[in-house]
Amino acid sequence: MAANKILLRGASSEQAEAMARGDFSALGLGEGSMGMYERRWRASNAGRVWNVEVVVTRDQRAASIRAAAQIKHTAGVTVAPFLTPEGRAARRARQAQFDSLVERGLQPYWRGTDIVTEEGDRRCVHPVQ
């Protein structure tokens with residue numbers, strides 16, 4: 001996982017253009033640096049929806065992930081960790097394992113390419129099967 005990047009999915013054309021100029025105010029977080037625009041690409045062949053890749057510091061990344069629900073509510077943009085092609089392939093390869101944990105009633109989540117569940121105060125990282 002590229003720990004120094006985040007992915008902003010579902011940005012409008014206007015939002016993506018503003019981010020390309022370094023203006024992240026449309027995300028509703030007020031003043032302060034969100035990071036540095038890296039690139040953007042259409043999320044699909046149709047429509048005006050964009051994905052935006054942003055280079056961030058460790059603190060900016062943590063703040064963005066913490067504010068993800070607020071950003072989604074305010075701007076309609078989803079904040080996600082940026083995964084390399086290898087990271088995306090690793091997640092796809094482990095999707096069946098993730099799904100089986102859901103079927104067992106657990107609430108797994110992704111931490112990069114790791115599958116994590118929590119049981120009480122204990123966090124369990126599930127090994128690759």
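Select Ala-63, which sits in helix α2; helices (H or I, at least four residues) and strands (E, at least two) are DSSP runs, numbered from the N terminus. Ala-63 counts as partly exposed because its relative accessibility is 33%. The terms work like this: buried means under 20% relative accessible area, exposed over 50%, and partly exposed in between, with a 1.4 Å probe and protein chains only. Now add Ile-6 to the selection: Ala-63 and Ile-6 are 57 residues apart in sequence, and their C-alpha atoms are 11 Å apart in space.

Before going on, note what is on the screen. This is a predicted model, in which local features need pLDDT of at least 70 and side-chain atom pairs count only at pLDDT 80 or more, while totals for chains, interfaces and linings use all residues. Residues are numbered from 1 along each chain as its sequence is written, and side-chain values use heavy atoms, with hydrogens and water left out.

**The rest of α2**

Stay on helix α2 and select Gln-60, Arg-61 and Ser-64, which are buried. They lie on the same side of α2, because they cover an arc of only 100 degrees around the axis; the arc is that of the directions from the helix axis to the C-beta atoms. Now select Arg-58, Asp-59 and Arg-66, the exposed residues on the face of α2 turned away from its buried side. What covers the buried residues of α2? The cover includes β1, β3, α3 and β4, where contact means heavy atoms within 4.5 Å.

**Helix α3**

Move to α3, residues 68-75, and select Ala-68, Ile-71 and Ala-75, which are buried. Their arc around the axis is only 65 degrees, so they are on the same side of α3. An α-helix has 3.6 residues a turn, so residues three or four places apart point the same way. On the other side of α3, select Ala-69 and His-73, which are exposed. The buried residues of α3 pack against α1 (13-20), α2 (58-66) and β4 (78-81). Just after α3 comes Gly-76, with a positive phi near 75 degrees.

**Strands β1, β3 and β4**

Select β1 (residues 5-12) and β3 (residues 49-55): they run antiparallel and are joined by seven bridges. Two strands pair if DSSP finds at least two bridges between them. To see one position in this pair, select Ala-11, which stands opposite Trp-50 in β3. β1 also runs antiparallel to β4, with four bridges between them. Which residue of β4 is the bridge partner of Arg-9? It is Thr-78.

In β3, select Asn-51. Asn-51 counts as buried because its relative accessibility is 11%. Leaving out residues up to four places away in sequence, Asn-51 touches Leu-7, Leu-8, Arg-9, Gly-10, Arg-39, Arg-40, Trp-41 and Ala-43.

**The nonpolar core**

Next, select Leu-8 and Leu-27, the residues with the most contacts inside the largest nonpolar core, which has 18 residues. Such a core is a set of buried Ala, Val, Leu, Ile, Met, Phe, Trp, Tyr and Cys residues joined through side-chain atoms within 4.5 Å. β1, α1, β3 and α3 each supply at least two residues of this core. Residues up to four places away in sequence aside, Leu-8 has contacts that include Met-19, Phe-24, Leu-27, Met-34 and Trp-50.

**Helix α4**

Then select Gln-97, which is in helix α4. Is Gln-97 buried or exposed? It is buried, because its relative accessible area is 9%. Gln-97 touches Ile-115, His-126, Pro-127, Val-128 and Gln-129, not counting residues up to four places away in sequence. Pro-108 is 11 residues from Gln-97 in sequence, and their C-alpha atoms are 10.0 Å apart.

**The whole chain**

Finally, clear the selection and show the whole protein chain. It has four helices and seven strands, in the order β-α-β-β-α-α-β-α-β-β-β along the sequence. The C-alpha atoms fill a box of roughly 45 × 35 × 25 Å, taken along the principal axes. Of the 129 residues in the chain, 36% are buried.

Colour the chain by pLDDT, the predictor's confidence in each residue, from 0 to 100. The chain averages 86, and 92% of the residues score at least 70. Confidence is lowest in strand β2 (residues 36-42), with a mean of 85, and highest in helix α4 (residues 85-103), at 92.
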